[in-house]
Amino acid sequence: MAFDIEMIKGVYARMAERVDAAKSVVQKPLTLAEKILYNHLWDGKPTTAFVRGKDYVDFAPDRIACQDATAQMALLQFMQAGKSKVAVPTTVHCDHLIQAKIGADKDLQTALNNSSEVFNFLASVSNKYGIGFWKPGAGIIHQVVLENYAFPGGMMIGTDSHTVNAGGLGMVAIGVGGADAVDVMAGMAWELKFPKLIGVKLTGKLSGWSAPKDVILKVADILTVKGGTGCIVEYFGEGAKSMSATGKGTICNMGAEIGATTSTFGYDASMERYLRATDRNEVADEANKIASYLTGDDEVYANPEKYFDQVIEINLSELKPQINGPFTPDLGTTVGEMTEKATKNGWPLKVEWGLIGSCTNSSYEDLSRAASVAKQAVEKGLVVKAEFGINPGSEQVRYTAERDGLLQIFENLDAKIFTNACGPCIGQWDRAGASKQEKNTIIHSFNRNFSKRADGNPNTHAFVASPEMVAAIAIAGRLDFNPMTDTLINKKGEEVSFDEPTGLELPPKGFAVEDAGYEAPYEDGSGVNVVVNPNSDRLQLLTPFAPIGNTINNAKLLIKAFGKCTTDHISMAGPWLRFRGHLDNISNNCLIGAVNAFNKDTNSVKNQLTGQYGPVPDTARAYKAAGVKTIVVGDHNYGEGSSREHAAMEPRHLGVAAVIVKSFARIHETNLKKQGMLGLTFANEADYDLIQENDSFNFLDLNEFAPGKQLTLEIVHESGSKDIIKLNHTYNQGQIEWYNEGSALNLIKKENQK
């Protein structure tokens with residue numbers, strides 16, 4: 001069934017006129033990304049040629065998707081906006097609050113027992129405001145979106161950084177914080193700095209053990225975790241056309257790991273096949289009518305250096321399988337080169353677990369290729385050396401894979417089939433023995449592998465690879481196993497080797513499902529009463545933030561974060577996910593994973609009021625109670641990773657007025673702005689080194705806060721000496737209004753009350 005088909009027809013109906021107008025304005029051929037962006041301008045028909053990386057532009061996204069962990073805070077904010085119904089099609093997907101432990105059925109029931117209050121809240125809010133609701137067990141948000149909602153040429157935003165997965169069907173799909181989603185739900189424009197463009201030309205064709213996952217692992221190795229910041233990555237070339245739509249989705253999904261705004265591919269035959277296989281013939285028919293507008297212009301792809309800000313070329317025929325990690329998704333190693341590298345770095349070569357699934361690699365094709373490897377292990381009499389865990393991407397994928405015997409193959413190897421949910425990928429994994437914090441190695445087909453992310457153990461070395469490579473290495477039990485050249489000894493003592501994996505792009509018998517898990521909202525939700533128990537420890541109605549104001553004097557340093565500080569460090573997931581709807585409770589994890597630059601410890605900072613060291617949240621609360629504002633200082637790419645706005649809301653709630661860093665990840669910087677805080681960067685990066693543990697801070701010209709104007713900060717050291725430094729910012733006038741009002745939501749409410 002094609003959801004929201006009239007909306008899709010409307011997008012397509014205007015596309016030719018708007019794209020042609022944009023070409024006339026910019027006077028050059030257009031990339032696919034530009035076509036989609038110019039077709040979704042809030043003001044309608046293009047009249048201005050926007051400057052990439054500079055101009056802030058208002059857009060009108062077609063739809064919104066929210067996962068349960070972030071939906072709680074997004075919907076709590078939307079409830080304050082004074083609207084009776086969401087302005088654009090919106091869905092909520094319950095996939096984050098299900099912990100993997102025993103197996104699908106028991107784990108799902110445990111989640112229903114433990115989180116019924118949250119699920120009931122999300123369901124009732126969805127009914128009240130016209131939001132589609134996907135029940136727990138229905139699947140991982142991004143796989144469900146790809147199967148049901150994504151469409152070529154569309155624009156969507158989602159409250160999860162891996163919303164970008166929908167680029168596999170030719171969308172511009174962007175991860176945002178909940179406050180951004182609230183703007184669009186409330187019928188307002190969504191603002192984005194017009195992105196720069198990176199073109200990735202794919203030649204040749206994948207074969208053997210190489211998979212779409214290896215493409216993005218290679219790109220991550222080239223660009224690093226911040227190389228795509230502020231950019232849309234557009235893939236093109238014969239190599240792009242040779243891959244399946246779900247393979248394209250894998251590549252786009254992990255674009256979040258290079259900091260890219262989003263990634264996308266032009267419409268082609270594989271996308272049409274996927275649309276028709278997922279019961280969306282009408283969307284495919286409509287897309288075919290304007291197919292030339294749903295991909296970049298021929299001139300662009302013929303001479304990409306003229307139209308992209310950066311061009312990368314990868315020959316798929318020469319691409320070898322990759323393994324990235326540990327602790328960062330951009331540290332690449334070519335399979336076959338791991339022995340020397342792991343030995344040199346002290347990475348454990350014994351593999352304890354192989355995990356297949358997550359929103360990145362949980363399609364039917366992924367499972368079929370991994371199953372082809374697992375089947376060989378059974379047939380060749382191999383003893384599996386590591387444990388296996390499988391997270392199907394959706395109930396439709398799970399049901400179809402079970403029908404076709406794919407899951408039974410894994411079960412023959414004693415694999416645990418977990419719920420159709422995120423599970424270990426986001427730390428929702430009750431892994432036996434993890435609390436011992438022993439040094440160990442796991443390999444998975446997920447997207448992120450930051451320290452502690454999967455199981456909470458800082459000594460778990462997590463490596464990222466394709467599903468088929470994960471299967472082979474888990475069977476072998478060694479990180480440096482090369483299935484292309486190495487052999488294994490089976491139960492009979494025979495030396496055996498793996499054949500190349502095989503897979504099916506789409507199920508030969510078609511997809512099937514008994515209950516996909518979707519619940520349509522009430523036609524009229526006005527009678528729905530959303531109740532939040534004031535004594536709940538899971539949900540808490542929000543109180544508007546008061547403006548910080550234009551006078552910040554004698555602020556104290558809360559923490560100077562050392563090195564990598566992701567949103568996982570600022571607001572951990574795992575067991576903390578249960579508090580995502582309760583701002584005060586979840587603020588007890590604020591910055592507890594960040595490393596204090598002065599003592600190299602986590603969750604241990606100095607309280608200048610007492611001279612004592614204590615947990616970050618406790619120290620922040622003490623400053624707040626005393627009426628003292630605080631600041632946070634950080635390094636490069638601060639706030640990379642998940643889109644979770646809790647990483648901005650928690651410091652705001654605890655009295656942090658400003659976050660000053662060398663550079664920001666895009667989503668986190670926006671989240672800070674939305675919550676009415678100062679997100680600033682050192683004009684001179686070396687000034688990071690000036691910050692001392694007992695410093696106080698005075699903003700000397702905050703009353704002159706204006707677009708493009710640096711702010712001046714006076715640093716007062718314990719000795720009485722002072723340093724005066726300059727700080728940069730990217731606030732435009734509208735964002736300064738968010739700051740002046742206390743938050744973007746406060747401004748929305750104010751405008752709705754006029």
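Which residues of helix α15 (residues 395-403) are buried? That is the starting point for these close-ups of a predicted model.

**View 1. Helix α15 and what covers it.** Here we're looking at the stretch from 395 to 403, where Glu395, Gln396, Val397, Arg398, Thr400 and Ala401 are buried. Among the elements covering these buried residues are three other helical stretches to look for: α5 (141-148), α14 (364-379) and α16 (406-411). Just past α15, keep an eye out for Gly405, whose phi is positive, near 85 degrees.

**View 2. Strand β26 under cover.** Now we move along to residues 656-661, which make up β26. This strand is mostly covered, with six of its six residues buried.

**View 3. β25 alongside β26.** Strand β25 (residues 630-634) runs parallel to β26, and five bridges join the two. To get your bearings, find Ile631, which stands opposite Ala658 in β26. Add helix α21 (residues 646-653) to the picture, and β25, α21 and β26 make a right-handed β-α-β unit.

**View 4. β26 alongside β27.** Strand β27 (residues 678-682) pairs with β26 over four bridges, again in the parallel sense. Ala658 turns up here too: its bridge partner in β27 is Leu678. To get from β26 to β27, the chain passes through helix α22 (residues 666-674), and this β-α-β crossover is right-handed.

Notes: Residues are numbered from 1 along each chain as its sequence is written. This is a predicted model: local features need pLDDT of at least 70, side-chain atom pairs count only at pLDDT 80 or more; totals for chains, interfaces and linings use all residues. Side-chain values use heavy atoms; hydrogens and water are left out. Buried means under 20% relative accessible area, exposed over 50%, partly exposed in between (1.4 Å probe, protein chains only). Contact means heavy atoms within 4.5 Å. Two strands pair if DSSP finds at least two bridges between them. A crossover is right-handed if, with the strands pointing away from the viewer, the path from the first strand over the helix to the second runs clockwise.
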